[in-house]
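Colleague: I am new to this structure and should be grateful for a guided reading. May I put some questions to you once it is on display?

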Amino acid sequence: MLFIHILIASTSLIFSTFLFFSPSQTKLKTSYSLVALTFITGTYLVLTTHSNLLQTCLTGLVYLGITSFATISARQKLTI
């Protein structure tokens, strides 16, 4: 499960980078889905492995900050 979580999160970061440089509505929806999947698998991992919650939350906030910046920027480019 950890491998799947890392794969989804990495794909999400790469996809948000592509979204930032080449925005579209379809890519925006895909990015939202990848972020949601990352948080779902991350929550599952925290609950099943009893990992360090503080470290996990900090890592999740950094991830969310990066993907949010790219997604919000892309959305603004689409509205202009």
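Modeller: Certainly; one definition comes first. A residue counts as buried under 20% relative accessible area, as exposed over 50%, and as partly exposed in between. Please bear in mind that this is a predicted model.

Colleague: Is F21 buried or exposed?

Modeller: The cut-off for an exposed residue is over 50% relative accessible area. F21 has a relative accessibility of 64%, so F21 counts as exposed.

Colleague: In which class does F20 fall?

Modeller: The class between buried and exposed runs from the 20% cut-off to the 50% cut-off. The relative accessible area of F20 is 23%, and therefore F20 is partly exposed.

Colleague: What kind of aromatic pair do F20 and F21 form?

Modeller: A pair of aromatic rings is described by the distance of the centres and the angle of the planes. Planes over 60 degrees apart count as edge-to-face. For F20 and F21 the centres are 5.0 Å apart and the angle between the planes is 85 degrees, and the pair is edge-to-face.

Colleague: Which residue joins F20 and F21 in one aromatic cluster, and which residue lies over the face of F20?

Modeller: The cluster consists of F20, F21 and F69. The residue over the face of F20, at 4.0 Å from the ring centre, is K77. The names asked for are thus F69 for the cluster and K77 for the ring face.

Colleague: What pattern does the protein chain follow along the sequence?

Modeller: The protein chain has three helices and zero strands. Read along the sequence, its pattern is α-α-α.

Colleague: How far apart are the end C-alpha atoms of helix α2, and what span should its residues give?

Modeller: Helix α2 covers residues 25-49, which is 25 residues. At 1.5 Å a residue they should span 36 Å, and this agrees with the distance between the end C-alpha atoms, which is also 36 Å.

Colleague: Which helices are included in what covers the buried residues of α2?

Modeller: Several residues of α2 are buried, among them L28, L34, V35, L45 and V46. What covers the buried residues of α2 includes α1 (2-21) and α3 (53-79).

Colleague: Which residue follows α2, and near what value is its phi?

Modeller: The residue after α2 is H50. Its phi is positive, near 55 degrees.

Colleague: What share of the residues of the protein chain counts as buried?

Modeller: The cut-off for buried is under 20% relative accessible area. Of the 80 residues of the protein chain, the share that counts as buried is 28%.

Definitions and conventions: Residues numbered from 1 in each chain as written. Predicted model: local features only at pLDDT ≥ 70, side-chain atom pairs only at ≥ 80, totals over all residues. Heavy atoms only, no water. Helix = DSSP H or I, 4+ residues; strand = E, 2+ residues; numbered from the N terminus. Expected span 1.5 Å × (residues − 1). Buried < 20%, exposed > 50% of the residue type's maximum accessible area, 1.4 Å probe, protein only. Contact = heavy atoms within 4.5 Å. Phe/Tyr/Trp six-rings, centres within 6.5 Å; stacked < 30°, edge-to-face > 60°. Lys NZ or Arg CZ within 6 Å of the ring centre and 35° of its normal.
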